[in-house]
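Biologist: Could we go through this model together, one helix and then the aromatic rings?
Modeller: Certainly; please have the sequence and structure open.

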Amino acid sequence: MSSERKKNPEHFQLNPNWAQLQQKLKSSAKPSRHSKNPQSETPNSILGKRKERPNSETDDAKPNPLMPTNDDSSVTDVLAMDCEMVGVGQGNKSALGRVTVVNKWRNVIYDEFVRPVERVVDFRTHISGIRPRDLRKAKDFRVVQKKVAELIKGRILVGHALHNDLKALLLTHPKKDLRDTSEFQPFLKEGRRKALRHLAAEILGVEIQNGEHCPVDDARAAMLLYSKHRKEWERSVKDQLRLKEKQKKRKQRKKPKADINHSLIAS
C-alpha cells in the first residue's frame, strides 16, 4: 500500500479549492495588527454609553453654588436684598414690584410681590419677570416697606446697587452697614462697576439674569460674593471708619485755634 502511494503521489494531492479554503481559515484566525479593541466597537457596551453622554448631562449634575447651605431661615446679622421694578407714570418712572430678602445662609426669609401706589403701565416682564397676575393679590407697598424696614434695621445689608433698591422702598440705611457688590474695590475693573451677572460668572462660576431676572438668585449671588470676601471686606470697612474718625479729630483740634485767633482780632 505504501509503495502505491510513493509511486502515485499526485493521486493524493489536495484539491485546489480546499487548499484555498484552508488558507482563508488560517488568515481569519490570526488577529489583525490594525484591528481595534472589540469592546470599543460594541455599541451596546456600558463604557461606550458613558463616553457618549452629552456634556449637558454632566453640567446638570453640577451643584448650584447659589443654593442654601442649610435649611435655617432665621433672621441673621447679615441680610441680602434684591428688588425688581415696574414702570409707572409715563412708563419711564420705576416703582417697586417685588422684593426678596435672604439670610446669610441664602435662605429666603421674605419674598413678596408689591402693588405700587401708582398704576402700573409697564410690567417690564422681559427683565423683571413680573406679570399682571402676580400683582392681583400683591401686598400694599406700605405693608412691604414696613416689613423690610423692620428686617434690615441694625443689620448689615448686602446687595448690588443698593441705592436703587432703597430708593424704590423709600428707605435709608446707615452707610457703615451697607455692603454693595457694585462698589467693593476688588470687584471693580479699572475703577468701573461690573454688572452682577458678570461678577457671578467670573467669581462664582454661575450664570444668572439670562433673560428674566430672579430676585432670589440675585440676592443669593450678592450674599455669596460677600461671604467669600467677608474678612477682607470687613477689614476695609474698619480701616475706612478709622480714617474718618482720625479726620474728624483733626478738624476738632483745628477749631479751638481758629476761635482763639478770632477772639484776639476782636479784642
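Biologist: What phi does glycine 154 take, just after H7?
Modeller: Glycine 154, just after H7, has a positive phi of about 75 degrees. Helices are DSSP runs of H or I with at least four residues, strands are runs of E with at least two, and both are numbered from the N terminus. This is a predicted model, where local features need pLDDT of at least 70 and side-chain atom pairs count only at pLDDT 80 or more, while totals for chains, interfaces and linings use all residues. Residues are numbered from 1 along each chain as its sequence is written, and side-chain values use heavy atoms, leaving out hydrogens and water.

Biologist: Which residue caps the N-terminal end of H7?
Modeller: Aspartate 140 does, with a side-chain oxygen 3.1 Å from the backbone nitrogen of arginine 142.

Biologist: Which residues of H7 are buried?
Modeller: In H7, Phe141, Val144, Gln145, Val148, Leu151 and Ile152 are buried. Buried means under 20% relative accessible area, exposed means over 50%, and partly exposed lies in between, with a 1.4 Å probe and protein chains only.

Biologist: Why do they line one face of the helix?
Modeller: Seen down the axis of H7, the buried residues fall within an arc of 130 degrees, so they line one face. The arc is that of the directions from the helix axis to the C-beta atoms. The face turned away from the buried side carries the exposed residues Arg142 and Lys146.

Biologist: What do the buried residues of H7 pack against?
Modeller: Their partners include strand S1 (78–88), strand S2 (93–103) and helix H8 (162–169). Contact here means heavy atoms within 4.5 Å.

Biologist: Changing topic, how many aromatic pairs are there?
Modeller: Rings of Phe, Tyr and Trp (its six-membered ring) pair if their centres lie within 6.5 Å; planes under 30 degrees apart count as stacked, over 60 as edge-to-face and the rest as tilted. By this rule there are four aromatic pairs. One of them is phenylalanine 184 with tryptophan 233, which is stacked at 4.0 Å centre to centre, with 10 degrees between the planes.

Biologist: Where in the chain do these two sit?
Modeller: Phenylalanine 184 is in the loop between strand S7 (178–180) and helix H9 (196–204), and tryptophan 233 is in helix H11 (residues 230–266), 49 residues apart. Tryptophan 233 also forms an edge-to-face pair with phenylalanine 187, at 5.9 Å centre to centre and 90 degrees between the planes.

Biologist: Is phenylalanine 187 buried or exposed?
Modeller: Phenylalanine 187 is buried, with a relative accessible area of 3%.

How values were computed
A polar contact is a pair of N or O atoms within 3.5 Å; within protein, one must be able to donate a hydrogen and the other to accept it, and residues adjacent in sequence count only if both atoms are side-chain atoms.
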